[in-house]
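Hi there,

Here is the structure I promised to pass on. Please have a look at it first, and then read my notes underneath.

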Amino acid sequence: DVVIGISTSGRSPNVLRAMEYANQHGGVSIGITGQGGQALKAVASLTLVIGSTSVQRIEDVAGVAAHLACLHTRARIASLAPTALSA
């Protein structure tokens with residue numbers, strides 16, 4: 001399972017707890033945060049740090065990044081479906 005946590009500051013307690021939960025239960029934790037989001041970066045398996053302190057810019061890029069991650073995941077699952085069915 002994959003958990004994507006988005007926090008412009010990187011310090012949102014609920015997002016940090018979700019990342020920790022994913023890590024403790026075998027999930028992959030992906031963080032998306034702005035410049036200065038060290039707390040989220042420290043706990044996520046993989047982090048996209050948007051080089052800005054503007055909340056609006058961070059939210060815009062985070063939305064695009066999350067959408068791209070979903071599209072990539074969907075395509076990956078679709079490409080694996082025939083293999084999974086024949087096993």
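Below is what I found, starting with the whole chain and then moving to single residues.

Please keep in mind that this is a predicted model.

**The chain as a whole**

The chain has 87 residues, and 26% of them count as buried. Its secondary structure comes to 3 helices and 3 strands. If you start at the N terminus and walk along, you meet the elements in the order β-α-β-α-β-α. The C-alpha trace spans about 50 × 30 × 15 Å along its principal axes.

Take the contacts between residues at least 6 apart in sequence: 44% of these join residues at least 24 apart. As for the surface, the accessible area comes to about 5,800 Å², and carbon and sulfur atoms account for 59% of it. On the charge side, there are 6 positive and 4 negative side chains, with the centres of the two sets 5 Å apart.

**The nonpolar cores**

In soluble globular proteins, nonpolar side chains tend to be buried together. In this chain, the largest nonpolar core has 6 residues: Val15, Leu16, Met19, Leu40, Val43 and Ala44. Helix H1 (13–24) and helix H2 (38–43) are the elements that give two or more residues to this core. H1 gives the most, with 3 residues.

Val43 is a good residue to click on here. Leaving out residues up to four places away in sequence, Val43 touches Leu16, Met19, Glu20, Asn23 and Ser29. Apart from this core lies another one, of 5 residues, with Ile50, Ile58, Ala62 and Ala65 among them.

**Two buried residues in strands**

Is Thr33 buried or exposed? Thr33 counts as buried because its relative accessibility is 0%, and a residue is called buried when the value is under 20%. Thr33 is found in strand S2, which covers residues 28–34. A polar atom of the Thr33 side chain lies 3.2 Å from the backbone nitrogen of Gly10. Beyond its neighbours within four places in sequence, Thr33 is in contact with Ser7, Thr8, Ser9, Gly10, Leu40, Thr47, Leu48, Val49, Ile50 and Ile58.

Ser7, one of those contacts of Thr33, lies in strand S1 (residues 2–7). With a relative accessibility of 3%, Ser7 also counts as buried. Which backbone nitrogen lies 3.5 Å from a polar atom of the Ser7 side chain? The backbone nitrogen in question belongs to Arg11. Not counting residues up to four places away in sequence, Ser7 touches Ser12, Val15, Ile32, Thr33, Gly34 and Leu40. Two of these partners, Val15 and Leu40, belong to the largest nonpolar core.

**A glycine in a loop**

Last comes Gly36, which sits in the loop between S2 and H2. Gly36 counts as partly exposed because its relative accessibility is 42%, and that label covers values between the 20% limit for buried and the 50% limit for exposed. Apart from residues up to four places away in sequence, Gly36 touches Ser9 and Arg11. Ser9 is also in contact with Thr33, and Arg11 is the residue whose backbone nitrogen lies 3.5 Å from a polar side-chain atom of Ser7. From C-alpha to C-alpha, Gly36 and Val49 are 8.3 Å apart in space, with their positions 13 residues apart in sequence counted as separation.

Happy browsing, and best wishes!

Definitions and conventions: Residues are numbered from 1 along each chain as its sequence is written. This is a predicted model: local features need pLDDT of at least 70, side-chain atom pairs count only at pLDDT 80 or more; totals for chains, interfaces and linings use all residues. Side-chain values use heavy atoms; hydrogens and water are left out. Helices (H or I, at least four residues) and strands (E, at least two) are DSSP runs, numbered from the N terminus. Buried means under 20% relative accessible area, exposed over 50%, partly exposed in between (1.4 Å probe, protein chains only). A polar contact is a pair of N or O atoms within 3.5 Å; within protein, one must be able to donate a hydrogen and the other to accept it, and residues adjacent in sequence count only if both atoms are side-chain atoms. Contact means heavy atoms within 4.5 Å. A nonpolar core is a set of buried Ala, Val, Leu, Ile, Met, Phe, Trp, Tyr and Cys residues joined through side-chain atoms within 4.5 Å. Accessible areas come from the Shrake-Rupley method with a 1.4 Å probe; for residues, only the protein chains shown count as cover. Lys and Arg count as positive and Asp and Glu as negative; His and the chain ends are not counted. The place of a charge is taken as NZ of Lys, CZ of Arg, CG of Asp or CD of Glu.
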